[in-house]
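Colleague: Could you take me slowly through the sheet of this protein, strand by strand, and tell me what lies around it?

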Amino acid sequence: MINAADVLRGWKAILAGRTPFLSIEITKECPLTCPGCYAYGIDHLGGDTVLRQVSDFQGQKLVDRVMKLIDAYRPLHVSFVGGEPLVRFRELEQIFPLVEARGIHIQLVTSAVRPIPAGWSDINRMTIAVSIDGLAPEHDARRKPATYERILKNIEGQRITVHCTITRQMTERPGYLPEFIQFWSAVPNVEKIWFSLFTPQVGEDSYEILPWDKRNEVIRELVELTQKFPKLAMPPGVLKALADPPSNPQSCIFAKTTTTVTADLTSRITPCQFGGTPDCAQCGCMASAGLKAVGDVRLPFFGIKAGSIYNASLQVGSVVARMRKLPNVTSNGSGLPKAG
Ligand code: SF4
Ligand code: SF4
């Protein structure tokens with residue numbers, strides 16, 4: 001859990017021209033082929049290359065380069081995403097203790113397609129987020145071989161957070177979300193349940209997109225469900241922010257405070273983890289909503305919103321970064337230190 005001291009550290013990082021959040025696509029590989037996966041989308045890397053074509057690393061080279069990147073950014077929080085990060089579980093076994101020793105929060109985002117190594121959830125400041133796409137019939141069809149049956153085996157002995165991205169299909173049957181939350185609340189290894197909403201690219205017309213009436217219905221339903229299911233960790237400020245997403249990446253605190261790096265450990269993904277041209281006005285990313293909720297808090301002493309102070313700090317930070325030749329926290333696709 002990020003506390004007040006961490007927030008202060010994050011703020012200091014911004015003023016020093018660094019981003020407090022780092023997200024690393026640790027591998028280009030994934031044994032799954034989920035429909036609608038943004039990581040393998042043609043726009044994700046913003047050019048002619050797609051994730052499966054990127055040159056990635058393995059073994060000691062990967063460990064060394066990841067740690068070099070982390071030491072360059074000195075983030076408050078680092079997310080390991082993919083591809084499927086568990087493809088590189090041997091390297092992560094070496095990386096996690098090194099990151100833990102630096103006092104950095106770690107988030108692993110996985111489909112739990114293979115067993116999560118023993119002890120990982122006991123690492124300090126660790127969150128293991130397992131992506132689950134709805135109830136078993138829908139999830140298993142999309143995420144095979146990471147089926148419900150396999151996930152339940154692979155999370156044995158761990159403490160995990162379930163993360164589900166709600167699509168339009170999940171809104172078509174009344175009672176779908178409570179059934180999902182009830183199922184995962186009953187699993188003892190599950191500590192928390194998070195939801196995001198499907199985020200399209202600009203101009204996308206995929207059926208998974210929630211029309212606004214459905215989106216508002218889902219948000220209202222989640223407000224009620226938080227009263228009933230203690231493991232559903234969707235604070236009111238986050239739900240409120242999901243109903244009113246940032247209009248563009250420039251007004252997204254999450255995008256401006258997070259550096260996302262693809263599997264070559266050199267190229268940045270912009271403007272946020274989705275890459276390409278995400279439709280911010282329909283953003284359903286829980287992390288973005290979480291930081292918007294923080295930014296919307298009015299600071300009693302200053303009488304202004306925390307977001308205004310963040311924005312002023314980001315401007316100071318970008319000047320400091322230029323002066324000190326640090327990675328510029330507000331630039332797109334430039335300034336990332338070479339990892340090797
Ligand atoms: S498991 Fe994740 S990275 Fe792999 S295909 Fe599915 S959504 Fe994409
Ligand atoms: S996280 Fe959402 S709001 Fe922020 S830049 Fe990405 S799509 Fe836009």
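Modeller: What follows goes from the whole chain to the sheet, and then to two residues beside or within it.

This is a predicted model, in which local features need pLDDT of at least 70 and side-chain atom pairs count only at pLDDT 80 or more, while totals for chains, interfaces and linings use all residues. Residues are numbered from 1 along each chain as its sequence is written, and chains are lettered from A and ligands numbered from 1 in the order in which they are written.

The protein chain has 11 helices and 10 strands, which are DSSP runs numbered from the N terminus (H or I over at least four residues for helices, E over at least two for strands). Of its 340 residues, 40% count as buried, a word that applies when 20 or more other C-beta atoms, placed from the backbone, lie within 10 Å of the residue's own (12 or fewer make it exposed, and partly exposed is in between). Two residues are in contact when such C-beta atoms lie within 7 Å, and among contacts in the protein chain with a separation of 6 or more, 74% join residues 24 or more positions apart.

Eight strands form an open sheet in the order 6-5-4-3-2-1-7-8, and their pairing is mixed; two strands pair if DSSP finds at least two bridges between them. Strand 6 (190–197) and strand 8 (268–269) are the edges, and because each has a single partner strand, one side of each is left without a neighbour in the sheet.

Moving inward from strand 6, we come to strand 5 (residues 160–166), where six of the seven residues are buried. Strand 5 is joined to strand 6 in the parallel sense over seven bridges, with I166 opposite L197 in strand 6. With strand 4 (residues 126–131), strand 5 also pairs in the parallel sense, over three bridges, and here A129 stands opposite T161 in strand 5.

I166 deserves a closer look: leaving out residues up to four places away in sequence, I166 touches F195, L197, F198, L210 and V218. I166 is also one of the residues with the most contacts inside the largest nonpolar core, together with I24, V130 and F254, and that core has 71 residues. Helix 10 (residues 286–295) gives the largest share of this core, five residues. A nonpolar core here is a set of buried Ala, Val, Leu, Ile, Met, Phe, Trp, Tyr and Cys residues joined through C-beta atoms within 7 Å.

Further along the sheet, strand 1 (residues 21–25) pairs with strand 2 in the parallel sense over five bridges, and E25 has V81 in strand 2 as its bridge partner. Helix 2 (residues 59–73) lies across strand 1, strand 2 and strand 7 (258–261) and runs at about 160° to strand 1; such angles run from 0 to 180 degrees between N-to-C directions, along axes fitted to C-alpha atoms, for helices over the stretch in contact.

After strand 2 (77–81) comes a loop that leads to helix 3 (89–101), and P85 sits in it. P85 counts as buried because it has 22 C-beta neighbours inside 10 Å. Apart from neighbours within four places in sequence, P85 is in contact with I26, T27, F80, L92, L108, V109 and T110. From K28, P85 is 57 residues away in sequence and 8.9 Å away in space, C-alpha to C-alpha.
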